[in-house]
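Thanks for sharing this one. Here are my notes, set out as numbered points to read alongside the structure.

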Amino acid sequence: MSRPGPKIPPLSVTDAQRAVLERWVRRRTTAQALAQRSRIVSECAEGHSIMEVSRRLGVAPDTVRTWRRRFLERGLDGLCDEPRPGVPRKITDADVERVIVKTLEETPKNATHWSTRSMAAATGMSQSAISRIWRAFALAPHRTQTFKLSTDPLFIDKVRDVVGLYLDPPEKALVLCVDEKSQIQALDRSQPVLPMMPGVPERRSHDYVRAGTTTLFAALEVASGKVIGSLHRRHRAVEFKKFLAKLDKEVPAGLGVHLILDNYATHKTPAVRKWLLAHPRFHLHFTPTSSSWLNLVERWFAELTQKKLKRGVHRSVQALERDIRAWLADWNQDPRPFVWTKTADEILDKVAAYCHRISDSRH
């Protein structure tokens, strides 16, 4: 039986210290490292254990211990980085703050974002100095990312439902991730593709000739990674009903069928509902709106796109469909399941933390 470790001294903060910590967390110009340390101290001051703070903030327990100890020893000063030896700095903290504030809160009058040259001209500093400051504070004005938070009122319930099927599937049942990859184009390059040579990559013309489109209906078996697929020229409830009939034929009769799919209108038509009533072993589980990342078959579609479709050349829809069927058959000879690892609580905690950061940035 292991002995309990030494008791750690309690951590408390004064009202003045708490105000400073909150300002460091909320201020947009605060370095991310300092903001993270402030969150650690604030969480510890509320009585949370080191492991709980580590889990809530997504940092290592040793990191929590380090900044907890530094605050106990030196107060707020212990959270700041110590000055390093060397040549005296030519750029002061005020200069650094001016660049950061300008980067985060202003835009140049003749552009949508700053460059190192435009910021250097606006602040009177060198381009290399601007570059070093941006790297130090992980600022990249030239980069953007897209996001969309689901507004589904049943978001939490649907996440728990779908993730529960991944991590704890029901007995005597098959869990299938279902979706359609619609409008797959048969593209032929306007000129012949030049093959790869030593020192020269494969080359292809930027323009292409469209030969038509097809739609792939696919069902990924979560347990084994096997995929049941069907190709149709149109994307309607009629085709989806035919695909359900194919699943009913290929899945052994003694098993229940749980389908994970999105909220597309063709999945909810009266004809589909009538078919489901006649086949009670089928159970539908819908992902939240704007949450296709929750459906594992999307990961399989990415494999198909990257390895077969993106650089493929097809002069007809028939040739495209032959290639897709051949790739699908090859996949099913040695299927590889995609393993889901995050629990529903971990996903919801991460979404909540992201929403909290967005809310703080607006104040």
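1. Let me begin with the charged cluster: E202, R204 and R311 are joined in a network of salt bridges. Please keep in mind throughout that this is a predicted model. Within that network, the side chains of E202 and R311 meet at 3.1 Å, N to O. This pair links distant parts of the chain, with E202 in the loop between β1 and β2 and R311 in the loop between α11 and α12, 109 residues apart. E202 is partly exposed at 30% relative accessible area, while R311 is exposed at 53%.

2. The loop between α11 and α12 (317-333) also holds R315, which pairs with D188 of strand β1 (residues 173-189), so this contact ties together parts that are 127 residues apart in sequence. The salt bridge has an N to O distance of 3.8 Å. Its two ends sit in contrasting settings: D188 is buried, with a relative accessible area of 18%, and R315 is exposed at 68%.

3. A further salt bridge joins D345 and R160 at 2.9 Å, N to O. Here helix α13 (residues 344-361) supplies D345 and helix α8 supplies R160, and the pair links parts of the chain 185 residues apart. D345 is partly exposed at 42% relative accessible area, and R160 is likewise partly exposed, at 40%. The count for the whole structure comes to 16 salt bridges.

4. Now to the strands. β2 (residues 208-221) contains L220, and six bridges join β2 to β3 in an antiparallel arrangement. The bridge partner of L220 in β3 is V227. L220 is buried, with a relative accessible area of 1%. The hairpin of β2 and β3 has five residues between the strands, and G225 takes a positive phi near 90° there.

5. How many residues of strand β3 (residues 227-232) are buried? Six of its six are, so the strand is mostly covered by the rule that buried means under 20% relative accessible area. In a regular strand, side chains alternate between the two faces of the sheet. In β3, V227, G229 and L231 point one way and I228, S230 and H232 the other, and all are buried.

6. A parallel pairing is found further along: five bridges join strand β4 (residues 256-261) to strand β5 (residues 282-286). L259 stands opposite L284 in β5. Together with helix α10 (residues 270-278), β4 and β5 make a right-handed β-α-β unit.

7. Two backbone angles may be worth a look. Most residues other than glycine have a negative phi. A138, however, has a positive phi of about 55°, and S290 has a positive phi near 60°. A138 lies in the loop between α7 and α8 and is exposed at 67% relative accessibility. S290 is in the loop between β5 and α11 (297-309) and is partly exposed at 37%.

8. The loop between α7 (127-136) and α8 (155-167) also carries F147. Along with L149 and Y354, F147 makes a nonpolar surface patch of about 280 Å². F147 itself is exposed, with a relative accessible area of 54%.

9. Finally, the cysteines. A disulfide is a covalent bond between the sulfur atoms of two cysteines, and the structure holds zero of them. C44 is buried at 5% relative accessible area, whereas C355 is partly exposed at 34%.

Terms used: Residues numbered from 1 in each chain as written. Predicted model: local features only at pLDDT ≥ 70, side-chain atom pairs only at ≥ 80, totals over all residues. Heavy atoms only, no water. Patch = residues over 30% accessible without salt bridge, like charges linked within 9 Å, V, L, I, M, F, W, Y side chains within 5 Å. Areas by Shrake-Rupley, 256 points an atom, 1.4 Å probe, with all protein chains shown as cover. Salt bridge = Lys/Arg side-chain N within 4 Å of Asp/Glu carboxyl O. Helix = DSSP H or I, 4+ residues; strand = E, 2+ residues; numbered from the N terminus. Buried < 20%, exposed > 50% of the residue type's maximum accessible area, 1.4 Å probe, protein only. Disulfide = S-S within 2.5 Å. Pairing = 2+ DSSP bridges. Right-handed = clockwise from strand over helix to strand, strands pointing away.
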